[in-house]
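Colleague: Got a few minutes to walk me through this model? I'd like to go from the overall fold down to single residues.

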Amino acid sequence: MAVSVTQGTRSHLRRTERNELPAAKRREKGAATGDAIDLGPLDDSVGYLLRRAQMAVFQRFFDLFAAFDIRPAQYSALTVIDRNPGLSQTRLADTLGIKKANLVAIIDTLEARGLARRRSAESDRRSHALYLTPRGTALVARLHRLDAALDRSMSRTTSEEERRHLCDALRRIGSQ
């Protein structure tokens, strides 16, 4: 099927591609043309810097976890279920900050892969309690080792004290 691309669309695509370049590449590209890239207030914006950091972490996460076909939200769900067997879907969604409808799709996928299972909660048959299967438990142990390696890699430019302060600050920001 042929797709027609208008000049406006081409221009938008070029802007989008430019905006999606990693910061180092943008600086390099600017340096190559002799122009310094001025980020203005973005250079000290907590929100912008958090987004850039998240993008870097997620890219490395996707690279490391690709062999297991696990996305960040799936890993988070598996981890919390592992640590809290019998947790309800509602509490898991609230804990992870995921919409309940989106969590249902995540749990459906984990169930279809034989990693997690739902059971009717003993206290309320309308509610589902979540558990990992033996296969899910084994996978989570492997994923935790990968995540620890990713964390060490991402933290290598900080001292242990700086890392602890960063985690504390991110917890406070995330709980607002």
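What follows is a short run of questions and answers on this predicted model.

Colleague: Let's start with the layout. What pattern does the chain follow along the sequence?

Modeller: The chain holds eight helices and three strands. Of its 176 residues, 23% count as buried. Read from start to end, the order of elements is α-α-α-α-β-α-α-β-β-α-α.

Colleague: And what share of the contacts with a separation of 6 or more comes from residues 24 or more positions apart?

Modeller: That one counts pairs by how far apart they sit in sequence, and pairs separated by 6 or more make up the pool. Within that pool, residues 24 or more positions apart account for 49%.

Colleague: Which residues touch the most other members of the largest nonpolar core?

Modeller: In general, soluble globular proteins tend to bury their nonpolar side chains together. Here the largest nonpolar core has 26 residues, and the ones touching the most other members are Ile70, Leu78, Leu92, Leu110 and Leu143. The elements giving two or more residues to this core are helix 3 (46–65), helix 4 (72–83), helix 5 (89–96), helix 6 (100–112), strand 3 (128–132) and helix 7 (134–155). So to answer with the names again: Ile70, Leu78, Leu92, Leu110 and Leu143.

Colleague: Now helix 4. How far apart are its end C-alpha atoms, and why does that agree with what its 12 residues should span?

Modeller: At 1.5 Å a residue, and counting one less than the number of residues, the 12 residues of helix 4 should span 16 Å. The model agrees with that, because the end C-alpha atoms of helix 4 are 17 Å apart.

Colleague: What covers the buried residues of helix 4?

Modeller: The buried residues of helix 4 are Pro72, Gln74, Tyr75, Ala77, Leu78, Thr79, Val80 and Ile81. Their cover includes helix 3, strand 1 (87–88), helix 5, helix 6, strand 3 and helix 7.

Colleague: Is glutamine 74 buried or exposed?

Modeller: Glutamine 74 sits in helix 4. Leaving out residues up to four places away in sequence, glutamine 74 touches Asp69, Ile106, Thr109, Leu110 and Arg113. Its relative accessible area is 9%, which is under the 20% cut-off, so glutamine 74 is buried.

Colleague: Asp69 is in that list. What is the phi of aspartate 69?

Modeller: Aspartate 69 lies in the loop between helix 3 and helix 4, and it is exposed, with a relative accessible area of 52%. Most residues other than glycine have a negative phi. Aspartate 69 is not a glycine, yet its phi is positive, at about 55°.

Colleague: Last one: at what angle do helix 3 and helix 7 pack?

Modeller: Helix 3 residues including Phe61 and Leu64 meet helix 7 residues including Leu146 and Leu150. By class, this contact has nine nonpolar, one polar and two charged residues. Helix 3 passes helix 7 in a right-handed crossing. The axes are 11 Å apart, and the angle is about 140°.

Terms used: Residues numbered from 1 in each chain as written. Predicted model: local features only at pLDDT ≥ 70, side-chain atom pairs only at ≥ 80, totals over all residues. Heavy atoms only, no water. Core = buried A, V, L, I, M, F, W, Y, C linked by side-chain atoms within 4.5 Å. Buried < 20%, exposed > 50% of the residue type's maximum accessible area, 1.4 Å probe, protein only. Helix = DSSP H or I, 4+ residues; strand = E, 2+ residues; numbered from the N terminus. Contact = heavy atoms within 4.5 Å. Axes fitted to C-alpha atoms, helices over the stretch in contact; angles between N-to-C directions. Left-handed = near helix turned anticlockwise from the far one by under 90°. Nonpolar A, V, L, I, M, F, W, Y, C, P; charged D, E, K, R; others polar.
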